[in-house]
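Q: Could you examine one residue of this model closely, beginning with its burial and its bonding? Please then follow the account outward into the surrounding strands and helices.

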Amino acid sequence: MRRANREIKDPLELEEILRTCDSCRIAIHAGTFPYIVALNYGYEYQNGALTLYFHSANQGRKLDLLREDPHVGFQMDCDHVFRHLDRGMQCTMDYRSIVGTGTISFVEDRAEFEKATRLLLEHHGSPEGFVVTDAHFKATTILKLTAHSFTGKKKTPFN
C-alpha cells in the first residue's frame, strides 16, 4: 500500500467496516472487460479469515460468468465525508474501505444456505424469525466468497 499510514491492520476496525458497509462490489472475469456488480452481503470474520455470503436469483450473467471462472476481486467502502479544504479546488474525501481477492463457490448444502441467509438478514437488520422454506431454497442462489487476501484502508482528517 502506497500510503502505509492509511492501512488498517486492527481486526476490530476491519470488522467495524464489515458491519458498517451495506454492499460489496465484486469484479468478475468477463473476457476483455470485468463485470462488476454490487451485492448485499452477510459475513463471517474469525481469526483473520473472511467469508462473504451473497444472495442472487438462480439465473443471470453474474452466475454464468462465475461458473466459468470463480476468481473475483471485491471492494466495499463506507463513512464518506467530502472535505473542501480551501476556496480553491483542493478537496478530499474521508472513507474506510476493504479491498481483496477471493474465490466464489455456490452454496448447495441446506444447513449452510440457512446459515448464510441468517447472516445476510442479521447484517441488514431484518427481524428475527425468518424461516427458510423449500420454495426459498429452490428460488435463491447463495454465493460464498472465500477471501484469499484483503486489506483495509482509511482516510480521515488525521491521516
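A: In this predicted model, C24 counts as buried because its relative accessibility is 0%, and burial is assigned under 20%. Its bonding can be considered against the whole structure, in which a search finds zero disulfides. C21 is accordingly in no disulfide, the nearest cysteine sulfur being that of C78, 3.4 Å away. C24 is likewise in no disulfide; for this residue the nearest cysteine sulfur belongs to C21, at 8.4 Å. A disulfide requires the two sulfur atoms to lie within 2.5 Å, so the 3.4 Å separation of the C21 and C78 sulfurs does not qualify. C21 is also buried, with a relative accessible area of 2%.

The strands may be taken next. Strand β8 (residues 141-155) pairs in the antiparallel sense with strand β1 (residues 7-8) over two bridges, and E7 has K153 of β8 as its bridge partner. Strand β7 (residues 91-107) also runs antiparallel to β8, to which 13 bridges join it; T103 is bridged to T146 in β8. A further antiparallel pairing, over six bridges, links β5 and β8, with L143 of β8 as the bridge partner of F54.

β5 (residues 49-56) in turn pairs with strand β4 (residues 42-46), again in the antiparallel sense, through five bridges. Within that pairing, Y45 stands opposite L50 of β5. The β4 and β5 hairpin has two residues between its strands, and N47 takes a positive phi near 50° there.

Within β7, S97 is a buried residue, with a relative accessible area of 7%. Beyond its neighbours within four places in sequence, S97 is in contact with I17, Q75, M76, D77, T151, G152 and K153. K153 is thus a contact of S97 as well as the bridge partner of E7.

The helices add to this picture. In helix α3 (residues 110-123), the 14 residues should span 20 Å at 1.5 Å a residue, and the end C-alpha atoms are indeed 20 Å apart. The buried residues of α3 are F113, A116, T117, L119, L120 and H123. These residues lie on the same side of α3, because they cover an arc of only 160° around its axis. An α-helix has 3.6 residues a turn, so residues three or four places apart point the same way. The elements against which the buried residues of α3 pack are α1 (11-20), β4, β5, β7, α4 (134-139) and β8. β5 and β8, which pair with each other, are therefore both among the packing partners of α3.

At the start of α3, a side-chain oxygen of D109 comes within 3.2 Å of the backbone nitrogen of A111. Just after the helix, G125 takes a positive phi of about 75°.

Helix α2 (residues 61-68) has K62, L63, L65 and L66 as its buried residues. Viewed down the axis of α2, they fall within an arc of 165°, so they line one face of the helix. R67 and E68 are exposed on the other side of α2.

Notes
Residues are numbered from 1 along each chain as its sequence is written. This is a predicted model: local features need pLDDT of at least 70, side-chain atom pairs count only at pLDDT 80 or more; totals for chains, interfaces and linings use all residues. Side-chain values use heavy atoms; hydrogens and water are left out. Two strands pair if DSSP finds at least two bridges between them. Helices (H or I, at least four residues) and strands (E, at least two) are DSSP runs, numbered from the N terminus. Buried means under 20% relative accessible area, exposed over 50%, partly exposed in between (1.4 Å probe, protein chains only). Contact means heavy atoms within 4.5 Å. The arc is that of the directions from the helix axis to the C-beta atoms. The expected span of a helix is 1.5 Å times one less than its number of residues. A polar contact is a pair of N or O atoms within 3.5 Å; within protein, one must be able to donate a hydrogen and the other to accept it, and residues adjacent in sequence count only if both atoms are side-chain atoms.
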